Amino acid sequence: MGPAELLVLTFPQETITAEAAQALVKLRTAGDIRVIDSLVVTHAADGETTYGELADFEHLRGIVGDGTDELPLIGPEDAQETAELLAPGTVALLVLIEHVWAQEAAEALRAVGGRIATGVRIPPEHIEEAVRAAAGR
């Protein structure tokens, strides 16, 4: 297995739109990632928090599949922690992914006794800022 990562994707409305789910499907079908598990967390405008699998949402069922290929690794504790970060009237999609593209590198490292110990996600805007700063020297 390649490196895995938990992403929390937030949206400024109370539901995941079909277009947002379609973006996830594109990543999955490109073969770059494997979705290990996912969970939708909603923090309603009235303060109520709910969560459910993508397949629990009727308007997303045909887009994302039935979820039978996912492992149940994201749970209620993750949903509650995420809900505390959400503004009322917003929704988050928690996605646990495997970086399939890195699987061969991980296997090669393990074969010689190494391992991927950690990783740091750097937001694209930070990279762009560093590039602009370097170009301005």
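The following exchange concerns a predicted model and the criteria behind its structural labels.

Modeller: Residues are numbered from 1 along each chain as its sequence is written. The model is predicted, so local features need pLDDT of at least 70, side-chain atom pairs count only at pLDDT 80 or more, totals for chains, interfaces and linings use all residues, and side-chain values use heavy atoms, with hydrogens and water left out.

Colleague: Why is Val120 called exposed?

Modeller: Exposed means over 50% relative accessible area, buried under 20%, and partly exposed in between (1.4 Å probe, protein chains only). Val120 has a relative accessible area of 71%, and is therefore exposed. Val120 lies in the loop between helix 4 (103–111) and helix 5 (124–135).

Colleague: Why does Glu84 count as exposed?

Modeller: The relative accessibility of Glu84 is 60%, so the label exposed applies. Glu84 is found in helix 3 (residues 76–85); helices are DSSP runs of H or I with at least four residues, and strands are runs of E with at least two, numbered from the N terminus.

Colleague: What makes a nonpolar patch of Val120, Ile122, Ile127 and Val131?

Modeller: Patch residues have over 30% relative accessible area and no salt bridge (a side-chain nitrogen of Lys or Arg within 4 Å of a carboxyl oxygen of Asp or Glu). Nonpolar side chains (Val, Leu, Ile, Met, Phe, Trp, Tyr) are joined within 5 Å, and like charges within 9 Å. Val120, Ile122, Ile127 and Val131 form such a patch, with about 400 Å² of accessible area together, by the Shrake-Rupley method with a 1.4 Å probe.

Colleague: How do you know that strand 1 pairs with strand 4?

Modeller: Two strands pair if DSSP finds at least two bridges between them. Eight bridges join strand 1 to strand 4 (residues 90–99), so the two strands pair, and they run antiparallel. Within this pairing, Thr10 has Ala92 as bridge partner, and Leu7 has Val95.

Colleague: What joins strand 2 to strand 4?

Modeller: 10 bridges join them, again antiparallel, and Asp37 stands opposite Leu96 in strand 4. The open sheet has four strands in the order 1-4-2-3. Strand 1 (4–11) and strand 3 (49–52) are edge strands because each pairs on one side only.

Colleague: What makes strand 4 mostly covered?

Modeller: 10 of its 10 residues are buried. Thr90, Ala92, Leu94, Leu96 and Glu98 point one way, and Val91, Leu93, Val95, Ile97 and His99 the other way. In a regular strand the side chains alternate between the two faces of the sheet.
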